[in-house]
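User: I have a model open and would like to go through the fold. Can you take my questions as they come?

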Amino acid sequence: MGELIVLLLSGPNLNLLGERQPEIYGTDTLDDHVAGTTAVAAERGLVLEHFQSNHEGELVNAIHAARDRCAGIVINPGAFTHYAWAIHDALAAFEGPVVELHLSNPAAREPWRHTSVVAPVADGTIAGFGPLGYQMAIDAVADLLDR
Ligand code: DQA
């Protein structure tokens, strides 16, 4: 069997991690998270690809390009989580496991963050565990692929 690729998608403003509200999102940069996630994925026999965009359509295109090519998707959609129905629809057309990931716990924050339009098309959501969440998300995808 060929290599199993997991696509890690990062939505808007996550390129500013490390500088952006560190009291909420921590001091690790996005590159730090990607490096850690790549290592954990390799331990599970998975190849990690990462794509970050501040544009909804680019994330939609990346999800389309993952169809028939990637085994699973881990997505932190940033604020798109709360209203981007085009991302919901694109994920619904992806056949493999999908894990929704957040550094913070949106359910414990402002009311407008309590709705996720991504959750209904994800196998599950990991939120509130900071950097550990990336590792948990890879474990979740690997287990879902093993079933
Ligand atoms: C976030 C939570 C979102 O509500 C927020 O808009 C983000 C980051 C998180 O990782 O905690 O940009 O997805």
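User: Which residues of β3 are buried on one side, and which on the other?
Analyst: Gly72, Val74 and Asn76 are buried on one side of β3, and Ile73 and Ile75 on the other. Buried means under 20% relative accessible area, exposed over 50%, and partly exposed in between, with a 1.4 Å probe and protein chains only. Before going on: this is a predicted model, where local features need pLDDT of at least 70 and side-chain atom pairs count only at pLDDT 80 or more, while totals for chains, interfaces and linings use all residues. Residues are numbered from 1 along each chain as its sequence is written, and side-chain values use heavy atoms, with hydrogens and water left out.

User: Why is β3 described as largely enclosed?
Analyst: Five of the five residues of β3 (residues 72-76) are buried, so the strand is largely enclosed by the rest of the structure. Strands here are DSSP runs of E, at least two residues, and helices are runs of H or I, at least four, numbered from the N terminus.

User: What does β3 pair with?
Analyst: β1 and β3 pair in the parallel sense over five bridges, and β3 and β4 do so over three bridges. Two strands pair if DSSP finds at least two bridges between them. Valine 6 has glycine 72 in β3 as its bridge partner, and isoleucine 73 stands opposite valine 98 in β4.

User: And the whole sheet, in what order do the strands run?
Analyst: The order is β2-β1-β3-β4-β5, five strands in an open sheet with parallel pairing. β2 (46-52) and β5 (124-127) are at the edges with a single partner strand each, so one side of each has no neighbour in the sheet. From one strand to the next the twist averages 20 degrees. Angles run from 0 to 180 degrees between N-to-C directions, and axes are lines fitted to C-alpha atoms, for helices over the stretch in contact.

User: How many bridges join β4 and β5?
Analyst: Four, in the parallel sense, with β4 covering residues 98-102. Leucine 101 has isoleucine 126 in β5 as its bridge partner.

User: Which strands does α2 touch?
Analyst: Helix α2 (residues 30-43) packs on the sheet and touches β1 (4-10) and β2. The direction of α2 makes about 160 degrees with that of β2. Contact means heavy atoms within 4.5 Å.

User: Switching to helices. How do α3 and α4 sit together?
Analyst: The axes of α3 (residues 56-66) and α4 (residues 85-92) come within 9 Å and cross at roughly 0 degrees. That makes α3 roughly parallel to α4; angles under 35 degrees count as roughly parallel, over 145 as roughly antiparallel, 65 to 115 as roughly perpendicular and the rest as oblique.

User: Which residues meet there?
Analyst: Glu56, Leu59, Val60, Ile63 and His64 in α3 meet Trp85, Ala86, Ile87, Ala90 and Leu91 in α4.

User: Where is histidine 82, and is it buried or exposed?
Analyst: Histidine 82 lies in the loop between β3 and α4. Its relative accessibility is 13%, so histidine 82 counts as buried. Leaving aside neighbours within four places in sequence, histidine 82 contacts Pro106, Trp112, Arg113, Thr115 and Val117.

User: Last one, the overall inventory?
Analyst: There are five helices and five strands, in the pattern β-α-α-β-α-β-α-β-β-α along the sequence. Of the 147 residues, 46% count as buried. The C-alpha atoms fill a box of roughly 45 × 30 × 25 Å along the principal axes.
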